[in-house]
Amino acid sequence: MAKCRVCGAPAEAYLDYSRTYLCPRCFNDYYERKVRATIQRFKMIKPNDRVLVAVSGGKDSASLLAVLRKLLPDVEMTALYINLGIPQYSDHCEEKFKKITEVLGVESLVFDLKRELGFSIPDFRRTVYRRRLCSPCGTIKRYLMNKIAVEQGFSKLATGHHMDDIVETLFNSYLHGDVEQIVRLKPVLPSTHPKFVAKIKPLWNVTEQENLFYATYNELPVRTVGCPLAKGARSLEQKRYLSSLVEHIPNFRHVFLSSHMRKLLPALERSITAPPLKECKKCGMPTSGEVCAFCRRAELVLGKILNQSPKFKV
Ligand code: SF4
Ligand SMILES: [Zn+2]
Ligand SMILES: [Zn+2]
């Protein structure tokens, strides 16, 4: 059996990008050091911040909540779960969410889409999105996370995006020349409007596999079923392409992200100016058009634009 590179104990974690074996204890130390370094390097969290942590029931956001709680025990932190109304999935994830917030002793906030707004993600099957439900689902989640953070007075919104997610999105944006998306994808997105909360990605520098190890070694309660609506999602296909690249070049993600951050992003930022923001005619949230993407999606399923603000069930 392979031995831990640090202490010589039997190793369980193998990090392909650096060809390193670690035992669970040394892996936890390594993971926590990496996340701490990311938080410090990008000045993500100040002692007086109020942080809203988006938790989905999966291993990535569970690891995020656990590591933030451990590294920053004195920072005010609340975990948010959005129940999307997906059968055999959303309620299961909510149970895991309740368990993890209990285990870690973190305040929790649940927003139930169907109860609060009268629609759920599967309702988009009857719209032009048909089987591409991840697209409206992403828009709805991003909007609600931001709105809830702003309305509840949080200063930061932390999400569990990891290096694989980030490289996949960047890769896709480069393929399509989506420069605006490339420039928006950063470890810290500062608030540019009173109704936009600052967004942080503390897992920027850790891989999906490292989140899996961290969740496993710390016995975090995480969902055991996948989203039934993900089948055929384009993102799964992209994941497979990237995995095959990583098989040939194990540190591909690290090299790609590092060149992007050091060389390409600064050059692109100089050439891009953000579009001016207006207020959505329906909900008043900032948008570059007349009606925001959330209200347009909501209108599709409700047949009318929402005029009321989302309410809360805490
Ligand atoms: S897999 Fe797609 S539809 Fe399912 S929760 Fe994720 S984004 Fe939403
Ligand atoms: Zn060890
Ligand atoms: Zn709107």
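Which residue in E5 stands opposite leucine 80? Leucine 109 does, and this pair is a convenient place to start in a model that is predicted, where local features need pLDDT of at least 70, side-chain atom pairs count only at pLDDT 80 or more, and totals for chains, interfaces and linings use all residues. Residues are numbered from 1 along each chain as its sequence is written, while chains are lettered from A and ligands numbered from 1 in the order in which they are written.

Select the sheet next: six strands form an open sheet with mixed pairing in the order E5-E4-E3-E6-E8-E7, where strands (E, at least two residues) and helices (H or I, at least four) are DSSP runs numbered from the N terminus, and two strands pair if DSSP finds at least two bridges between them. Strand E5 (107-112) and strand E7 (188-189) are at the edges with a single partner strand each, so one side of each has no neighbour in the sheet.

Moving inward, strand E3 (residues 50-54) runs parallel to strand E4 (residues 76-83) and is joined to it by five bridges, with arginine 50 partnered by glutamate 76 in E4. Helix H5 (residues 134-151) packs on the sheet, where it touches E3, E4, E5 and strand E6 (156-158), and its direction makes about 145 degrees with that of E4; contact here requires C-beta atoms, placed from the backbone, within 7 Å, and angles run from 0 to 180 degrees between N-to-C directions, with axes fitted to C-alpha atoms, for helices over the stretch in contact.

E4 and E5 are also parallel, joined by six bridges.

Now select helix H6 (residues 163-176) and helix H10 (residues 252-271), whose axes come within 10 Å and cross at roughly 65 degrees. Met163, Asp164, Ile166, Val167 and Leu170 in H6 meet Arg253, Phe256, Leu257 and His260 in H10.

Finish at ligand 1, which 10 residues surround, the closest being Cys134, Cys137, Cys227, Leu229 and Ala230; a residue counts as near if its C-beta atom, placed from the backbone, lies within 6 Å.

Technical notes:
Contact = placed C-beta atoms within 7 Å.
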